[in-house]
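Reader: I would like to go through a model and learn how its features are read. Please start once it is on screen.

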Amino acid sequence: MHRFLKLLFCLLALIAFISFSPLVFEKFKTYNAIISNSKQMDINNAALFYTEEAHSLMAEKKLKEQLQHIKND
């Protein structure tokens with residue numbers, strides 16, 4: 001029973017993190033810039049940045065260039 005309670009607590013903590021982390025992250029300018037640029041460029045961040053394909057490296061470079069351009073404006 002004790003192990004079950006630990007498992008339940010961990011699952012609830014994970015669900016809480018997944019649910020509330022976007023609310024915290026949207027207070028950061030960088031996060032908002034990445035999200036808005038991703039939407040404009042129709043980039044699925046989850047599909048690209050968690051793989052080791054050449055496309056993800058190219059997309060990362062382009063996104064960094066775009067963010068640098070926004071930062072300099």
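Reader: At which residue does H1 bend, and by about how many degrees?

Author: This is a predicted model, in which local features need pLDDT of at least 70, side-chain atom pairs count only at pLDDT 80 or more, and totals for chains, interfaces and linings use all residues. Residues are numbered from 1 along each chain as its sequence is written, and side-chain values use heavy atoms, with hydrogens and water left out. Helices are DSSP runs of H or I, at least four residues, numbered from the N terminus. A bend is the angle between axes fitted to the seven residues ending at a residue and the seven starting there. H1 bends by about 30° at Ser-19, with a proline, Pro-22, following within four residues.

Reader: Which residues form the salt bridge?

Author: Side chains of opposite charge can pair when their charged atoms come close. The cut-off is a side-chain nitrogen of Lys or Arg within 4 Å of a carboxyl oxygen of Asp or Glu. A search of the whole structure finds one salt bridge. Lys-64 pairs with Glu-60, the closest N and O atoms being 3.4 Å apart. About one helical turn separates Lys-64 and Glu-60, because they are four residues apart in helix H4 (residues 54-72).

Reader: Does Asn-37 count as buried or exposed?

Author: Buried means under 20% relative accessible area, exposed over 50%, and partly exposed in between (1.4 Å probe, protein chains only). Asn-37 has 3% relative accessibility, so Asn-37 counts as buried. Asn-37 lies in helix H2 (residues 29-40). Contact means heavy atoms within 4.5 Å; leaving aside neighbours within four places in sequence, Asn-37 contacts Leu-63, Gln-66, Leu-67 and Ile-70.

Terms used. Helices (H or I, at least four residues) and strands (E, at least two) are DSSP runs, numbered from the N terminus.
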